[in-house]
Amino acid sequence: MDCTYKTNRYGLPLLDIIGFVATRSSFYIGFAFIKDEKEDSYEVILSCLAEAFESLTLEPPRTILTDKEEALMNAVKVVFPSTKHIICL
């Protein structure tokens, strides 16, 4: 998960959510324009993601990789408490 910084015509951060599989392939899970990069904004998006996993009867992600965005890291802990969090270097 990572945000682009206001590089679109709306001037909003765009959160990209990408998944990886064992064959080293990646796929897009979702995109979301957010009003700001604060914890509550991330929690709303991650809650929607959690609902999607639940409605599809999928297990929550085992691991989430983010940059060192503190608000995103805190939101991950709240919405996916049992998920391992890794910080990208």
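**Close-up views of a predicted model**

**View A. The hairpin of strand 2 and strand 3.** Five residues separate strand 2 from strand 3 in a hairpin, and arginine 24 in the turn has a positive phi of about 65 degrees. The model is predicted. Seven bridges pair strand 2 with strand 3 in the antiparallel sense. One of the residues bridged here is leucine 14, whose partner in strand 3 is phenylalanine 33.

**View B. The three-stranded sheet.** The sheet is open, has three strands in the order 1-2-3 and is paired antiparallel. Strand 1 (2-4) and strand 3 (26-33) are the edge strands, each pairing on one side only. On average, neighbouring strands of this sheet are turned by 30 degrees against each other, direction ignored. Strands of a sheet pair through backbone hydrogen bonds, in either a parallel or an antiparallel manner.

**View C. Strand 1 against strand 2.** Strand 1 and strand 2 (residues 14-20) run antiparallel and are joined by three bridges. Threonine 4 has leucine 14 of strand 2 as its bridge partner. Leucine 14 is also the bridge partner of phenylalanine 33 in strand 3.

**View D. Helix 1 on the sheet strands.** Helix 1 lies across strand 1, strand 2 and strand 3. Its direction makes an angle of about 35 degrees with strand 2.

**View E. The ring pair of tyrosine 10 and phenylalanine 33.** The model has two aromatic pairs. In the pair of tyrosine 10 and phenylalanine 33, the ring centres are 5.5 Å apart and the planes stand at 80 degrees; since planes over 60 degrees apart count as edge-to-face, this pair is edge-to-face. The pair links distant parts of the chain, with the two positions 23 residues apart in numbering: tyrosine 10 is in the loop between strand 1 and strand 2, and phenylalanine 33 is in strand 3. Tyrosine 10 has 52% relative accessibility and therefore counts as exposed, the limit being over 50%. Phenylalanine 33, with a relative accessible area of 43%, is partly exposed.

**View F. Helix 2 and its surroundings.** Helix 2 spans residues 70-79. Its buried residues are Ala71, Leu72, Met73, Ala75, Val76 and Val79. Among the elements that cover these buried residues are helix 1 (39-55), strand 4 (63-66) and strand 5 (84-87). Helix 1 thus appears in two views, since helix 1 also lies across strand 1, strand 2 and strand 3.

Technical notes. Residues numbered from 1 in each chain as written. Predicted model: local features only at pLDDT ≥ 70, side-chain atom pairs only at ≥ 80, totals over all residues. Heavy atoms only, no water. Buried < 20%, exposed > 50% of the residue type's maximum accessible area, 1.4 Å probe, protein only. Helix = DSSP H or I, 4+ residues; strand = E, 2+ residues; numbered from the N terminus. Contact = heavy atoms within 4.5 Å. Pairing = 2+ DSSP bridges. Axes fitted to C-alpha atoms, helices over the stretch in contact; angles between N-to-C directions. Phe/Tyr/Trp six-rings, centres within 6.5 Å; stacked < 30°, edge-to-face > 60°.
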